[in-house]
Amino acid sequence: LESHGLAEAHPVHGVYQYHDIVRALEAQGYEVMSEIRASEVPFGGYADQVAGQVQSLIESGVLPEHITVLGHSKGGLMTLIVASRLNQPNVNYIVMAGCGKVGTAFRRPYQIFLDQDARQLKGRLLSIYDAGDREAGSCEEAFSLATDTETKEVILHTGQGHGLFYSPDPV
């Protein structure tokens, strides 16, 4: 969304159906707090903003186990950064195609996270990605560095690659 916006189609994956995804989550009974990031926001600064929002929810009485932070691609990596900064072992995190593969441009920011923040990961972490994704893959490297986490990884075989999360797919 940062580089293509809502209306412009990605050359490979098509139009990102952001609002449809939010509505699909709400239709499942979730209360969704969401925003479209401005162009080229810094990973850490944005993660700190989200961590502050989560902390405010907790301080207002929302149980940490009732909170889930999720993100796709860059947002998935930001989700991991939030989990490393929040220090809340009962918050849930869903990382959708957020861990960069070796040999891709996405690997550099993920490697920085591994080197600087992964050991501070806390929470209940779920990584989901498509086996055909050429940009993102397993978060196992990050998960193996963490000590106070519950982790799970799901590899889907849809053939959609990184585009799997561009629409509200029931899978």
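The legends below describe one overall view and several close-up views of a predicted model.

In this predicted model, local features need pLDDT of at least 70 and side-chain atom pairs count only at pLDDT 80 or more, while totals for chains, interfaces and linings use all residues. Residues are numbered from 1 along each chain as its sequence is written, and side-chain values use heavy atoms, with hydrogens and water left out.

**Figure 1. The whole protein has five helices and four strands.** Helices (H or I, at least four residues) and strands (E, at least two) are DSSP runs, numbered from the N terminus. Along the sequence their order is α-α-β-α-β-α-β-α-β. The radius of gyration is 15 Å, close to the 16 Å that the globule rule gives for 171 residues, so the protein is as compact as a globular protein of that length. Here the radius of gyration is taken over C-alpha atoms, and the globule rule is 2.2 Å times the number of residues to the power 0.38. Taken along the principal axes, the C-alpha atoms fill a box of roughly 40 × 35 × 30 Å. Of the 171 residues, 41% count as buried; buried means under 20% relative accessible area, exposed over 50%, and partly exposed in between (1.4 Å probe, protein chains only). A contact means heavy atoms within 4.5 Å. Among contacts between residues at least 6 apart in sequence, 73% join residues at least 24 apart.

**Figure 2. Surface and charges of the protein.** The protein exposes about 9100 Å², and carbon and sulfur atoms supply 51% of this area. Accessible areas come from the Shrake-Rupley method with a 1.4 Å probe; for residues, only the protein chains shown count as cover. There are 12 positive and 21 negative charges, and the mean positions of the two groups are 5 Å apart. Lys and Arg count as positive and Asp and Glu as negative, whereas His and the chain ends are not counted. The place of a charge is NZ of Lys, CZ of Arg, CG of Asp or CD of Glu.

**Figure 3. Helix α3 is mostly covered.** Helix α3 comprises residues 74-86, and its end C-alpha atoms are 18 Å apart, which agrees with the 18 Å that its 13 residues should span at 1.5 Å a residue. The expected span is 1.5 Å times one less than the number of residues. Twelve of the 13 residues are buried, among them Leu-77, Leu-80, Ile-81 and Leu-86. The buried residues of α3 pack against the helices α2 (43-59), α4 (107-116) and α5 (140-145), and against the strands β1 (68-72), β2 (92-96) and β3 (122-130).

**Figure 4. Residues on either side of α3.** Ser-73 is found in the loop between β1 and α3. Its phi is near 60 degrees, a positive value in a residue other than glycine. Ser-73 has a relative accessible area of 18%, so it is buried. After α3 comes Asn-87, whose phi is also positive, near 60 degrees.

**Figure 5. Gln-88 in the loop between α3 and β2.** With a relative accessible area of 16%, Gln-88 is buried. Leaving aside neighbours within four places in sequence, Gln-88 is in contact with Gln-55, Ile-58, Pro-64, Tyr-93, Lys-122 and Gly-123. Gln-88 and Gly-71 are 17 residues apart in sequence, and their C-alpha atoms are 18 Å apart in space.

**Figure 6. Three residues of the loop between β2 and α4: Ala-97, Cys-99 and Gly-103.** Ala-97 counts as buried, at 1% relative accessibility, and its phi is near 50 degrees, a positive value in a residue other than glycine. Cys-99 also counts as buried, at 0% relative accessibility. Residues that Cys-99 touches, not counting those up to four places away in sequence, include Leu-80, Phe-106, Tyr-110 and Cys-139. The C-alpha atoms of Cys-99 and Leu-77 are separated by 6.3 Å, although these residues are 22 apart along the chain. Gly-103, by contrast, counts as exposed, at 76% relative accessibility. The C-alpha atoms of Gly-103 and Thr-79, 24 residues apart along the chain, are separated by 22 Å.

**Figure 7. Thr-151 in strand β4.** Strand β4 covers residues 148-156. Thr-151 counts as partly exposed, at 37% relative accessibility. Not counting residues up to four places away in sequence, Thr-151 touches Leu-125 and Phe-143. Its C-alpha atom is separated by 5.8 Å from that of Leu-126, 25 residues apart along the chain.
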